[in-house]
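Trainee: Could you take me through one part of this protein slowly, and then show me what else is worth looking at? I'm still learning to read these pictures, so plain words please.

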Amino acid sequence: MTLDDPPENRHEDSTELKLATLISLHPELDQSLLLDLLISAEGSVHRVLASLEPTDGRDQSRKRSAAGVGHQTSLSAFTPAALSSSPSKKRQVLTKKGDTLHLYSPEDIASNTPCSIIHNFLPSNEADQLLEELLEESLTYERQSFKLFDNVVQSPHSACFYVDSLDDIKSQKTEFLYNGSHLADVRQITPGMRMISAKVEAAVNEEIATRIERFHGGKKLRYQSPHRWKPNAAFCNLYQGGSESVGYHSDQLTYLGPRAVIGSISLGVAREFRVRRIVARDDASQQDSKDQRANVEGQIAIHLPHNSLLVMHAEMQESWKHSIHPAPVIDPHPLAGNKRINITYRHYRDSFHPRYTPRCRCNVATVLRCVQRKHENLGRYMWMCHAGNAPEKHG
Ligand SMILES: O=C(O)CCC(=O)C(=O)O
Ligand SMILES: [Fe+2]
């Protein structure tokens, strides 16, 4: 930025500066959480700082920026079965800083990430029909935008939210909050999406059972829903061309509850779904260099072809982050051209309906967060005020 820039750009820059200040003072907190707090506090760094407990003796260094495009590696170069026991206990080095481990086969994906994949999930004519329907539907998708002070920031892809019934639409538009506001575009699930939802339900429940049998001794994780997974909402994402993407994030657990499972169908152009483990700042020993920490975090690319079902299992949102990486080159799809459409089927749990969401002392609805960066509280959940007030700790 130069001094010739218009004032609104200078204002935007000051947001970055504020965020950078917060990141440097609270490196143990997730960047998206700090951004949420900053928005809620209407840009007051002071209010955000006041809402966070003081922490002494932290590593003041800035967060490592996400590694760029890495060169291709193959799994055979690494020791297998990184997740053969609890993923949080094993700290096996899978990648060197800047490298990306590319995974294609269901076996490699299941053993090295908290995900599983089914290729050629639907009969091919059904997948094509669904793609055609959603290509039409997605013509009116919009980029998700949220207000940051006087600026509107837009996501680098477009999306839309779907629920089962007209009553659910009404409820979504008035009761459920996302980034502090109601969603404007909520639609009723399309006939094609509804037609496959029973298949998705059956496959995801089977995948959950296999996963807990293989990696968790047949027992679900603590706080994981004891009930059958039943999709009742879906986000559809449209990526138009290789430059559209979504940055590293974990999905909001406020209405899904802890240990959420998500079933994600990919249609059209194949793209890289990148995942990396969240490593607590103080988990690595003092002597560990940033490079060593980056090695433990790893960076894994799961390739998502047309007509695949990826299941993000119960370990995923709390301990890993995911993204859709920008692609310098894509293979055009015969029906979709340069587009990828993704449906993430979700199970909104009744017991996490907004009528049960705790409210802060200031009467603002809270969001459910899991501590990801600070070792002593790792894995604990908290209902956090969206207005930047002191978090109420639970769990
Ligand atoms: O497009 C994808 O596969 C992932 C989308 C995603 O992360 C989300 O909807 O939260
Ligand atoms: Fe996501």
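Mentor: Let's start with a pair of strands. Strand β15 (residues 366-370) is joined to strand β16 (residues 381-385) by five bridges, and the two run antiparallel. To find one of those bridges yourself, click on T366: its partner in β16 is C385. Keep in mind that you're looking at a predicted model.

Now stay on β15 and ask how well it is covered. Five of its five residues are buried. Here's a handy bit of background: side chains in a regular strand alternate between the two faces of the sheet. In β15, one side has T366, L368 and C370, the other has V367 and R369, and all of them are buried. Both faces of this strand are covered, then.

Zoom out for a moment. The protein chain has nine helices and 17 strands. Of its 395 residues, 53% are buried. Take the contacts between residues at least 6 apart in sequence: 78% of them join residues at least 24 apart. As for the outside, the accessible surface is about 18,600 Å², with 52% of it belonging to carbon and sulfur atoms.

L309 shows you one of those meetings across the sequence. You'll find L309 in strand β12 (residues 308-312). Because its relative accessibility is 0%, L309 counts as buried. Its C-alpha sits 6.6 Å from that of H119, although the two residues are 190 apart in sequence. Beyond its sequence neighbours, L309 touches several residues, including I117, F121, V204 and I265.

Next, have a look at the metal. The iron ion (ligand 2) has three protein donors, H249 (NE2), D251 (OD) and H322 (NE2), at 2.1 to 2.2 Å. Along the sequence they follow the spacing H-x1-D-x70-H. D251 lies in the loop between β8 (246-249) and β9 (262-268), while H322 is in strand β13 (residues 320-324), so this pair ties together parts that are 71 residues apart in sequence. D251 and H322 are both buried.

Those three donors turn up again around ligand 1, whose surrounding residues include H249, D251 and H322, along with N237, Y239, R340 and N342. Three strands, β7 (233-240), β13 and β14 (339-346), each supply at least two residues of that shell. With four residues, β14 gives the most. Try picking out some polar partners of the ligand's oxygen atoms. A polar side-chain atom of Y239 is 2.6 Å from an oxygen of ligand 1. For H322, an N or O atom in the side chain is 3.1 Å from a ligand oxygen, and for N342 the distance is 3.2 Å. On its own, ligand 1 would expose 300 Å², and the protein buries 93% of that.

One last stop, this time in a helix. S111 belongs to helix α4 (residues 106-112). Why is S111 called buried? Its relative accessible area is 8%, and the cut-off for buried is under 20%. Its side chain also has a polar atom lying 2.6 Å from the backbone oxygen of E107.

Conventions:
Residues numbered from 1 in each chain as written. Chains lettered and ligands numbered in written order. Predicted model: local features only at pLDDT ≥ 70, side-chain atom pairs only at ≥ 80, totals over all residues. Heavy atoms only, no water. Donors = N, O, S within 2.8 Å, 3.2 Å for Na, K, Ca; no water. Buried < 20%, exposed > 50% of the residue type's maximum accessible area, 1.4 Å probe, protein only. Pairing = 2+ DSSP bridges. Contact = heavy atoms within 4.5 Å. Areas by Shrake-Rupley, 256 points an atom, 1.4 Å probe, with all protein chains shown as cover. Near = heavy atom within 4 Å. Polar contact = N/O pair within 3.5 Å; in protein donor to acceptor, adjacent residues only side chain to side chain. Lists of a residue's contacts leave out its neighbours within four places in sequence.
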